[in-house]
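Open the file in your viewer and have the selection tool ready. This tour goes stop by stop: select, look, move on.

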Amino acid sequence: MVTYIDAATAPPRNTGAIRLYGPDGFEGMRRAGQLAARCLDELTHLVRVGTTTLEIDDFVYRFGLDNGAIPATLNYRGYTKSCCTSINHVVCHGIPNDKPLRDGDIVNIDVTLILDGWHGDSSRMYLVGNVKRAAERLVEVTWEALMRGCAAVKPGASTGDIGAAIQDFVEAERCSVVRDFCGHGVGLLFHDSPNILHYGRPGEGVTLKPGMIFTIEPMVNLGRPHVKVLGDGWTAVTRDRSLSAQFEHTVGVTQTGCEIFTLSPAGLHKPPYGI
Ligand code: MF3
Ligand code: CO
Ligand code: CO
């Protein structure tokens with residue numbers, strides 16, 4: 001059984017009930033989402049051979065504070081950085097460090113900014129220098145998978161419809177969907193109910209209602225779907241060391257469909273970003 005609650009009156013913790021936000025929530029998420037998206041736009045020029053992921057992290061930290069926001073990952077469950085930077089076979093939750101980016105790397109940068117209490121959560125892939133065709137194709141497939149997931153969002157559809165749209169496309173492209181991580185309710189909380197699985201069957205799961213806000217963030221591998229978490233407790237990698245990619249949007253269910261809060265204001269939706 002699933003229960004839906006009014007976000008305006010519900011306690012600010014994840015009780016398993018699904019929050020429904022009103023116009024104020026949507027406006028807050030529009031502002032937070034656009035700020036996260038602008039951060040991902042403005043760091044694009046940094047993602048090149050020789051930059052360290054710590055430099056990117058510093059940019060995200062400064063950008064947040066300069067714009068009245070706090071990076072949600074900072075001190076989140078013991079995580080101490082302002083973003084996640086996941087390179088090549090890293091699936092997600094890569095920790096920024098002092099190693100320079102190398103020619104041919106593909107990197108996901110995942111930013112969540114809290115603005116006036118609202119969490120805007122988004123990630124994109126970036127290509128470093130000359131990237132192999134197979135890697136480029138994986139990035140393209142992953143972006144298309146995210147957008148097909150978003151296109152499945154409307155009142156009366158189910159979370160399973162989103163997962164099925166993603167899984168069917170990804171597997172037809174001979175790639176695999178990671179099962180160990182999922183999208184999540186978001187808004188006044190960073191990680192809330194429901195879970196948004198990136199695989200499944202149409203009609204399964206939770207029915208979507210206007211006012212729901214959640215992320216869709218498929219992780220797609222060139223090889224097998226299995227992952228393991230490294231000794232640092234965060235970095236998730238593919239077990240077969242195949243390449244992995246991810247894109248993430250924060251979306252809201254409207255009366256007629258879906259509002260994507262984290263669309264790039266500069267039109268930098270997927271690589272090549274041409275700058
Ligand atoms: N931004 C990630 C997400 O999409 C969560 C990162 S949590 C961290 O949900 F602690 F690893 F940063
Ligand atoms: Co997320
Ligand atoms: Co994220």
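Which ring does the charged end of Lys 209 sit over? Select Lys 209 and Tyr 4 together. The Lys 209 charged end lies over the Tyr 4 ring, 4.8 Å from the ring's centre. Keep in mind that this is a predicted model.

**Next charge over a ring**

Now select Arg 179 and Tyr 199. Here the charged end of Arg 179 sits over the Tyr 199 ring. The distance to the ring centre is 4.9 Å.

**The cobalt site**

Go to the cobalt ion (ligand 3). Show Asp 110, Asp 121 and Glu 248 as sticks. These residues coordinate the ion: Asp 110 through two OD entries, Asp 121 through OD and Glu 248 through OE. The distances run from 2.0 to 2.4 Å. Along the chain, the donors of this ion follow the spacing D-x10-D-x126-E.

What is the geometry of the site of the cobalt ion (ligand 3)? It is irregular, with six donor atoms and angles of 58 to 166 degrees among them. Octahedral would require opposite donors over 155 degrees apart and all other angles between 65 and 115, so the 58-degree angle falls outside that rule.

Add the cobalt ion (ligand 2) to the selection. It is 3.3 Å from the cobalt ion (ligand 3), and Asp 121 coordinates both. Colour the strands next. Asp 110 is in strand β6 (residues 106–115) and Asp 121 in strand β7, 11 residues apart. Both aspartates are buried.

**Aromatic pairs**

How many aromatic pairs are there? The count comes to six. Two of them are worth a stop, starting with Phe 59 and Phe 63. This pair is stacked: the ring centres are 6.0 Å apart, with 25 degrees between the planes. It counts as stacked because planes under 30 degrees apart meet that rule.

Show helix α2 (residues 53–66) as a ribbon. Phe 59 and Phe 63 are four residues apart in this helix, so about one helical turn separates them. Switch on the surface. Phe 59 is partly exposed, at 22% relative accessible area. Phe 63 is buried, at 5%.

Last stop: select Tyr 126 and Tyr 273. This aromatic pair is tilted, 5.3 Å centre to centre and 55 degrees between the planes. Tyr 126 lies in strand β7 (residues 118–127), while Tyr 273 is in the segment after β17 (258–260). The pair therefore ties together parts that are 147 residues apart in sequence. Both tyrosines are buried.

Conventions
Residues numbered from 1 in each chain as written. Chains lettered and ligands numbered in written order. Predicted model: local features only at pLDDT ≥ 70, side-chain atom pairs only at ≥ 80, totals over all residues. Heavy atoms only, no water. Phe/Tyr/Trp six-rings, centres within 6.5 Å; stacked < 30°, edge-to-face > 60°. Helix = DSSP H or I, 4+ residues; strand = E, 2+ residues; numbered from the N terminus. Buried < 20%, exposed > 50% of the residue type's maximum accessible area, 1.4 Å probe, protein only. Lys NZ or Arg CZ within 6 Å of the ring centre and 35° of its normal. Donors = N, O, S within 2.8 Å, 3.2 Å for Na, K, Ca; no water. Tetrahedral: all angles 85-135°; square planar, octahedral: opposite > 155°, others 65-115°.
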